[in-house]
Amino acid sequence: SIANELLSKEESGAQQAIAEMINASISKLGENIKLRRYSLIDKKNYVHAYSHNNKIVSSVELKHSDESLAKDICMQIVASNPLAIDELSLDKDILKAEKDIYKQELDKLDKKEDIKRNILEGKMKKFINENTLLNQPFVKDPSTSLSKIIKNNEVLSFNRYEVGEGLEKKSEDFAQEVYNQIS
C-alpha cells in the first residue's frame, strides 16, 4: 500500500513522525486512519498549503516566495479543481477522450466540415481553459486568469486532496442492508 511504501523508506526521520501522527489521531478520534495519498515536494522551492473547512486541502509549489499569490492560487485550486497547470501538462488521454466526445456530438450536426472543425477547436480551447490552473478564470476576478497575475513567478506543481475522494461506496438498498444484518 502507499502508506507502507512511504513508511518503509529510509530517507529521513519523517516516516516515524508520520506514523506517530497517524497513531495519535487514531487514539484521539477512535477511528481507523490510513494514509492513502501523499506528494513529495522539493524543499528548495516555496510551498504554501491551504485547508478549506478541513475537507479540501490544496498546496502549491512556486519558484519564488510570494505568500499572497500562493494563498490565492491555493484557493483557486480548491474552488476550481484544475486537471493540470497548463495545456502542456494536461494528460493527452484526457484531451483525446474529450475531443472524441465533441466529434461524436458534431457528427450529428448537418454542417460543413470546416465549420465543424472550427466548433471543435473552440470547444477544445474552452475545455483547456476551464481545466488548466493558469487559464481558468481567477476566482477573485473572473475577468482575468492566473497566468496574468503570476507575473515573474512560476507554478511548479500543485496538489488537491478532498476527504473521501477516490473511495468507492457500496450501493446497497436499505432493505438489503437490514436483511444482511439479520442473516
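1. The sheet. Three strands make an open sheet in the order β1-β2-β5, and the pairing is antiparallel. β1 and β5 (155-162) are the edge strands, each with a single partner strand, so one side of each lacks a neighbour in the sheet. From one strand to the next, the twist averages 10°. Note that this is a predicted model.

2. The β1-β2 pair. β1 covers residues 46-52 and β2 covers residues 56-62. Seven bridges hold the two in antiparallel register. Two positions help to fix that register when you inspect the model. S51 has V57 as its bridge partner in β2. A49 stands opposite S59, also in β2.

3. The turn between them. β1 and β2 form a hairpin with three residues in between. In that turn, N53 has a positive phi of about 55°. For background, most residues other than glycine have a negative phi. Two further cases of positive phi come up in point 9.

4. The helix on the sheet. What packs on the sheet? Helix α3, residues 67-80, does so. α3 touches β1, β2 and β5. The direction of α3 makes about 135° with that of β2.

5. The largest nonpolar core. This core has 16 residues. V60, L62, I73, L133 and V155 touch the most other members. β2, α3 and β5 each supply at least two residues. Which element gives the most? It is α3, with five residues. The helix that packs on the sheet is thus also the main contributor to this core.

6. V60 and its surroundings. V60 is one of the core residues that touch the most other members. Leaving aside neighbours within four places in sequence, V60 is in contact with Y46, V47 and H48, among others. The list also includes A70, I73, C74 and I77. V155, S157 and F158 are on it too. Set against the element ranges, Y46, V47 and H48 fall in β1, while A70, I73, C74 and I77 fall in α3. V155, S157 and F158 fall in β5. V60 itself lies in β2. A second, separate core has nine residues, including L95, L106, M124 and I128.

7. D72, a buried acid in α3. D72 is found in helix α3. Is D72 buried or exposed? Its relative accessibility is 11%, under the 20% cut-off, so D72 counts as buried. Which side chain does D72 meet in a polar contact? The partner is K140, at 2.8 Å. Beyond its neighbours within four places in sequence, D72 is in contact with F138 and K140.

8. The second hairpin. Strand β3 (residues 137-138) and strand β4 (residues 141-145) run antiparallel and are joined by two bridges. P137 has S145 as its bridge partner in β4. The hairpin linking β3 to β4 passes through two residues. F138, a contact of D72, is part of β3.

9. Two loop residues with positive phi. N81 sits in the loop between α3 and α4 (92-107). Phi of N81 is near 45°, a positive value in a residue other than glycine. N81 counts as partly exposed, at 39% relative accessibility. K151 lies in the loop between α6 (146-149) and β5. Phi of K151 is near 60°, again positive in a residue other than glycine. K151 is exposed, with a relative accessible area of 70%.

10. The chain as a whole. How many helices and strands does the protein chain have? There are seven helices and five strands. From the N terminus on, the order of elements is α-α-β-β-α-α-α-β-β-α-β-α. The protein chain has 183 residues, of which 27% count as buried. The accessible surface comes to about 13300 Å², and carbon and sulfur atoms account for 51% of it. Among contacts with a separation of 6 or more, 57% are between residues 24 or more positions apart.

Definitions and conventions:
Residues numbered from 1 in each chain as written. Predicted model: local features only at pLDDT ≥ 70, side-chain atom pairs only at ≥ 80, totals over all residues. Heavy atoms only, no water. Pairing = 2+ DSSP bridges. Helix = DSSP H or I, 4+ residues; strand = E, 2+ residues; numbered from the N terminus. Axes fitted to C-alpha atoms, helices over the stretch in contact; angles between N-to-C directions. Contact = heavy atoms within 4.5 Å. Buried < 20%, exposed > 50% of the residue type's maximum accessible area, 1.4 Å probe, protein only. Areas by Shrake-Rupley, 256 points an atom, 1.4 Å probe, with all protein chains shown as cover. Polar contact = N/O pair within 3.5 Å; in protein donor to acceptor, adjacent residues only side chain to side chain. Core = buried A, V, L, I, M, F, W, Y, C linked by side-chain atoms within 4.5 Å.
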